Amino acid sequence: ELPTLDPASFDPLSDMHREELLESEVFTSGAIRRAINGSKNRSAPDQFGWRARELLGQVFFIHGDLATAWAEHILLPLLDNSAPSWAKCILAGGTLIPLSKGAHKTGIRPIGVGDMARKILARLLLHPNKNGIGKYFSTTYPNYVQMGVGVPGGTEKAVHLLMLSSDLACREVPYASPPSPDDFVIAACDNLNGFNLAMRQLAFDCWQGKASRQYSTVFQEGDAMPSPASFLNHPEAMHAFLISLYGGESTYVFRGNDGISREVPSTGGFHQGCVLSSFMFSLTVFCIIGELLKSHPDVLCVSYLDNHFFKGPFNKVLPVLALLRQIFLDLGTPLNPKDNFIYVPRWAHLLRPQYQHVLDKLEEATPGVILSASCTSQRAGFPVVVDGLTPLGVPIGTDSHIRTFLNRRLGDLQCAMKPLERFPDGRIWASLLRSCICQMP
């Protein structure tokens, strides 16, 4: 049975808000052209194989009057869910493509490729709201920030924040000090298939600022939730568009290896090919982690979408991990045991027997969080590492940890480049590489 949304979430766009939107800067000819040209020449095509910049860019540049007609007859019906029933599956559905997670990970990442109009409308609504979204995710809670949406250079900022925190924490403690439960740690975790398993109702409740049901031990029915609506321009239009995309059933088409196309109905999770999916997913984890950390002021957290990094004293972080693991399990978005680690940078020069007594003491205080030899499965705990960590694909830690990571990446590149040895002429090499780069999705 497919999950459904609370009907109270379906607030239609009023005529007043519709007129305000049309008179605003959102649907001007210039804004629509910028949204169209925001599709780079190497960006992924839509479900029909079209790229907005190639198909519409020149037409809208020559005939500016088309913007008004396109907004009234295509974009607005998509936004307020008033399009004919035969068109909804085109506008809110798409093609489902399974992509590999890489050579070192198992499983696939299902990417929903939607229609071109859907992408353009999402860009129109996001462009004037980037600063507001970034402010919401960075100022709502004193000890938690989400850098995956609305924060320029969020990846680099998150990694540098972790590196600086580690360096400063290690400098405050004398080098010869014995290991302690108060030593600084960085605990890394992420949600297993986070986008696909996320609860849509939780995101819409966060948007509206009130819980419509109980969410584990964090929110009870009727509790207030931090809403991003007050930070945004035209929040009514944004809400109507989100309901249009994720309020009902979306039909995606998947073509298997046998060449047969199959329809895949979807009412759960957020499609990773959607421009607004990162924003909606972030709402589902932001309010949960932020509320949890209210009662743990000594622990700081920085997230990048579904990757979360908790920083603080070892004995303060462990209770947070225990609670978080159970909460996400209750919400149907469990943590991925393969990507969960506790990194203790100050223990890099120590051998395991030198700090084992600290781990035993911590395990006794908060059982089941640290992965020990007695655990029967990876889900039982977080492994403790002292050499280093690789947050968001960037290695930090000891020289040996960084060297191992770079050597593995070098091996991957050499393996990928090896077939090019069949072409002895450098000009063929260059031409082939140029063609591959130009045709990158």
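Visitor: Does R346 count as buried or exposed?
Guide: Keep in mind that this is a predicted model. The relative accessibility of R346 comes out at 9%. The cut-off for burial is under 20%, so R346 counts as buried.

Visitor: Which residue forms a salt bridge with R346, and how far apart are the closest N and O atoms?
Guide: Look in the loop between α8 (154-172) and β4 (184-190), since R346 itself sits in the loop between β9 (341-343) and α14 (352-365). The two residues are 163 residues apart, so the pair links distant parts of the chain. The partner has 5% relative accessibility and therefore counts as buried. That partner is D183, with the closest N and O atoms 3.1 Å apart.

Visitor: How many salt bridges does a search of the whole structure find?
Guide: R346 with D183 is one of them. E291 and K294 also meet through their side chains, at 3.3 Å from N to O, and D258 and R262 do so at 2.6 Å. The search of the whole structure finds three.

Visitor: Is R262 buried, exposed or partly exposed?
Guide: R262 has a relative accessible area of 36%. Buried needs under 20% and exposed needs over 50%, so R262 lands in between. Its salt-bridge partner D258, at 46%, falls in that class too. The label for R262 is partly exposed.

Visitor: And what about K294, buried or exposed?
Guide: K294 is the residue whose side chain meets E291 in a salt bridge. Its relative accessible area is 55%. The line for that class is drawn at over 50%, so K294 is exposed.

Visitor: How are the axes of α4 and α6 oriented to each other?
Guide: Helix α4 (residues 66-79) and helix α6 (residues 116-126) have axes that come within 10 Å and cross at roughly 85 degrees. The band from 65 to 115 degrees is the one to check, so α4 to α6 is roughly perpendicular.

Visitor: How many residues of that contact of α4 with α6 are charged?
Guide: On the α4 side you'll find W70, I74, L75, L78 and L79. From α6 come A117, R118, I120, L121, L124 and L125. Ten of these residues are nonpolar and none is polar. The charged count is one.

Visitor: Which strands stand at the edges of the six-strand sheet?
Guide: This open sheet runs β3-β7-β8-β4-β9-β10, with mixed pairing. At the β3 end, three bridges join β3 to strand β7 (residues 300-304) in parallel, and Y144 has C301 as its bridge partner in β7. An edge strand here has a single partner, so one side is left without a neighbour in the sheet. The edges are β3 (144-146) and β10 (384-385).

Visitor: In the four-strand sheet, which residue of β6 is the bridge partner of T251?
Guide: The order there is β2-β1-β5-β6, again an open sheet with mixed pairing. Strand β5 (residues 250-255) pairs with β6 in the antiparallel sense over six bridges. In β6, the partner of T251 is P265.

Visitor: How many of the nine residues of α10 are buried?
Guide: Helix α10 (residues 200-208) is mostly covered. Its buried residues, among them L202, F204 and W207, pack against α7 (130-139), α11 (235-246), β6 and α12 (277-293). The count of buried residues in α10 is eight.

Technical notes: Residues numbered from 1 in each chain as written. Predicted model: local features only at pLDDT ≥ 70, side-chain atom pairs only at ≥ 80, totals over all residues. Heavy atoms only, no water. Pairing = 2+ DSSP bridges. Axes fitted to C-alpha atoms, helices over the stretch in contact; angles between N-to-C directions. Parallel < 35°, antiparallel > 145°, perpendicular 65-115°, else oblique. Contact = heavy atoms within 4.5 Å. Nonpolar A, V, L, I, M, F, W, Y, C, P; charged D, E, K, R; others polar. Salt bridge = Lys/Arg side-chain N within 4 Å of Asp/Glu carboxyl O. Buried < 20%, exposed > 50% of the residue type's maximum accessible area, 1.4 Å probe, protein only.
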